[in-house]
Amino acid sequence: MRIRIVDAFTDRPFAGNPAGVLLLDDDFPDDDWLRDVAMEVNHAETAFAHRLPEGGEADWALRWFTPVTEVAMCGHATLAMAHVLLTTGAHEGPVRFATRSGVLIATPAADGSLTLDFPTAPLTRTAIPAGVAGALGAEPVAAFDTGPNVGDLLVELADEKTVRGLSPDHRALGAYSARGIIATARAEDPARGYDYVSRCFFPNVGIDEDPVTGSAHTALAPHWSARLGRDDLTGLQASRRTGLVRTALRGERTWLTGRAVTVIKGELRA
């Protein structure tokens, strides 16, 4: 079985967010095997997919696992999977994935980018939890619940410098949401090519800091579109690897556009 490592939301190797990608010949193996493979790959997510019969609402069944658990939605590993399907000739044109979050579509463009059609996260403003400032290392100016698919607490901070300078207590952050914390702020200088910055910390699924998080941008897009008065924006996830996500708010759906690069091809022998 071929296994690949793909860097997503970047146009160059060793940046963006790496994901393991496996195309299965048949239905999904048992969950223990899927978790073991994801733990062996040891990236934020590993994506597993198998082809579905023709004529249905989706072309491929898709699941995502962190090194410790299955997740309900993952943007960068979906981008990575679509990249592999299209660049290997396993699929042509838009790819429809059947997932725990419904049918998700990845559409290729002539310039080599891919656009994911994901559900927009339902943001609900909430009180800033007591203690979150200490765990995060900065005082939020606002907090939002992101709903069941994303499962994070989104906190807006004062400025880009504060987001970039965070050094949180990862274990303490796990008390505030199902998955973790999205920290964000308006870009200091939009002329640099992005409108807002973010960092994502997910201790409850075994990821202290995720390099680039597509699913988080389904919450960041409606938040910043409302604040900035534009539906089409670009977010920079300011992790060490960094990555750009173009977001387009389309009501109940959010389009996430980025690129991907295959960096490793190998053979899974287990």
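**View 1. The lining of the largest cavity in this predicted model.** E45, C74, G75, H76, R179, F202, D210, T213, G214 and S215 line this cavity. Sorted by class, the lining has two nonpolar, five polar and three charged residues. The volume of the largest cavity is about 40 Å³. The structure holds two cavities of 30 Å³ or more. How is such space found? Rolling a probe the size of a water molecule over the atoms shows where empty space is left.

**View 2. The second largest cavity and its lining.** This cavity holds about 30 Å³ of space. M73, P119, T120, A121 and P122 are among its lining residues. T146, N149, V150 and T218 line the second largest cavity too. Five of the lining residues are nonpolar and four are polar. Charged residues are absent from this lining.

**View 3. The largest nonpolar core.** This core has 48 residues. Which residues have the most contacts inside it? They are W64, M81 and F97. Helix α2, residues 75-87, gives the most to this core. Its share is seven residues. Another core lies apart from this one and has 19 residues. A185, Y194, V197 and L236 are among the residues of that other core.

**View 4. F97 and its contacts.** F97 is one of the residues with the most contacts inside the largest nonpolar core. Which residues does F97 touch, leaving aside its neighbours within four places in sequence? Its contacts include A58, W60 and L62. T78, M81, A82 and L85 are also in contact with F97. So are G102, V103, L104 and A106.

**View 5. The largest pocket.** About 270 Å³ of space lies here. The largest pocket is lined by 16 residues. Which of them are closest to the centre of the pocket? They are F9, T10, D11, G243 and L244. Three strands, β15 (232-237), β16 (243-250) and β17 (253-258), each supply at least two residues of the lining. β16 gives the most, with three residues. By class, four lining residues are nonpolar, seven are polar and five are charged.

**View 6. The second largest pocket.** Its volume is about 190 Å³. The lining includes N17, P18, H43, A44 and I207. E209, D210, P211, S239, R240 and R241 also line this pocket. β2 (17-24) and β14 (207-210) are the elements that give two or more residues to the lining. The largest share, three residues, comes from β14. By class, the lining has four nonpolar, three polar and four charged residues. D210 lines this pocket, and D210 also lines the largest cavity.

**View 7. C74 and C200, two cysteines without a disulfide.** A disulfide is a covalent bond between the sulfur atoms of two cysteines. How many disulfides does the structure hold? The count is zero. Why is C74 not bonded to C200? The closest cysteine sulfur to that of C74 is in C200, but it is 11 Å away, so it is too far for a bond. Seen from C200, the closest cysteine sulfur is in C74, again at 11 Å and too far for a bond. C74 is buried, with a relative accessible area of 3%. C200 also counts as buried, at 0% relative accessibility. C74 appears in View 1 as well, in the lining of the largest cavity.

Note on methods. Residues are numbered from 1 along each chain as its sequence is written. This is a predicted model: local features need pLDDT of at least 70, side-chain atom pairs count only at pLDDT 80 or more; totals for chains, interfaces and linings use all residues. Side-chain values use heavy atoms; hydrogens and water are left out. On a 1 Å grid over the protein atoms alone, a cavity is a set of points where a 1.4 Å probe fits but cannot get out, and a pocket is an open set with protein on both sides within 12 Å along at least five of seven lines; lining residues have an atom within 4 Å of a point. Grid points are joined across faces, edges and corners, and a volume is the space filled by probe spheres set on the points. Ala, Val, Leu, Ile, Met, Phe, Trp, Tyr, Cys and Pro count as nonpolar, Asp, Glu, Lys and Arg as charged, and the others, Gly among them, as polar. A nonpolar core is a set of buried Ala, Val, Leu, Ile, Met, Phe, Trp, Tyr and Cys residues joined through side-chain atoms within 4.5 Å. Buried means under 20% relative accessible area, exposed over 50%, partly exposed in between (1.4 Å probe, protein chains only). Helices (H or I, at least four residues) and strands (E, at least two) are DSSP runs, numbered from the N terminus. Contact means heavy atoms within 4.5 Å. A disulfide is a pair of cysteine sulfur atoms within 2.5 Å.
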